[in-house]
Amino acid sequence: MRHLSAKTEMTINDSKATEDMGAKWGYEIALPVKVKAGKNSMWNFQAEPFFLKIDTSKDVNVYGGRLSVQKAY
């Protein structure tokens, strides 16, 4: 994953701060687990925990998960 450069500008109490960020590299690791249930497998349950690193040059990580439920008609 690569995102392009961005410029961040913030104003608090008439003070302005600007940060110019160049292009950054990051990655995402996920492990999807899918279970089918019901008659003719009409229900699908999927849990997907993930680890996200947006900028490899900084020590900031994001942990989370997605949960989805689907029913076939």
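These legends accompany an overview and several close-up views of a predicted model.

**Figure 1. The whole chain, built from strands.** The secondary structure comes to zero helices and eight strands. Read along the sequence, the pattern is β-β-β-β-β-β-β-β. The chain has 73 residues, and buried residues make up 12% of them. About 6200 Å² of the chain is exposed. Carbon and sulfur atoms supply 56% of that area. Take the contacts between residues at least 6 apart in sequence: 29% of them join residues at least 24 apart.

**Figure 2. The salt bridge between Arg66 and Glu28.** A search of the whole structure finds two salt bridges. One of them pairs Arg66 with Glu28. Their closest N and O atoms are 3.1 Å apart. The pair links distant parts of the chain. Arg66 sits in strand 8 (residues 62-71), and Glu28 sits in strand 5 (residues 27-30). The two are 38 residues apart. Arg66 is partly exposed, with a relative accessible area of 40%. Glu28 is also partly exposed, at 41% relative accessibility.

**Figure 3. The salt bridge between Arg66 and Glu48.** Arg66 forms a salt bridge with Glu48 as well. Here the closest N and O atoms are 3.4 Å apart. This pair, too, links distant parts of the chain, with Arg66 in strand 8 and Glu48 in strand 7. The separation is 18 residues. Glu48 counts as buried because its relative accessibility is 18%, under the 20% cut-off.

**Figure 4. Three charged residues in one network.** Glu28, Glu48 and Arg66 are linked in a network of salt bridges. Arg66 bonds to Glu28 in this network and to Glu48. The burial of the members can be read alongside. Arg66 has a relative accessible area of 40%, Glu28 has 41% and Glu48 has 18%.

**Figure 5. Lys53, a buried lysine with no salt bridge.** Lys53 is found in strand 7 (residues 43-53). The residue is buried, yet has no salt bridge. Which side chain of opposite charge is nearest to Lys53? It is Asp59, 4.2 Å away. That distance does not make a salt bridge, because the nitrogen and the carboxyl oxygen must lie within 4 Å.

**Figure 6. The polar contact of Lys53.** The side chain of Lys53 has a polar partner in Asn61. A polar contact of 3.1 Å joins the two side chains. Lys53 thus appears here with Asn61 in polar contact and with Asp59 at 4.2 Å.

Note on methods. Residues are numbered from 1 along each chain as its sequence is written. This is a predicted model: local features need pLDDT of at least 70, side-chain atom pairs count only at pLDDT 80 or more; totals for chains, interfaces and linings use all residues. Side-chain values use heavy atoms; hydrogens and water are left out. Helices (H or I, at least four residues) and strands (E, at least two) are DSSP runs, numbered from the N terminus. Buried means under 20% relative accessible area, exposed over 50%, partly exposed in between (1.4 Å probe, protein chains only). Lys and Arg count as positive and Asp and Glu as negative; His and the chain ends are not counted. A polar contact is a pair of N or O atoms within 3.5 Å; within protein, one must be able to donate a hydrogen and the other to accept it, and residues adjacent in sequence count only if both atoms are side-chain atoms. Contact means heavy atoms within 4.5 Å. Accessible areas come from the Shrake-Rupley method with a 1.4 Å probe; for residues, only the protein chains shown count as cover.
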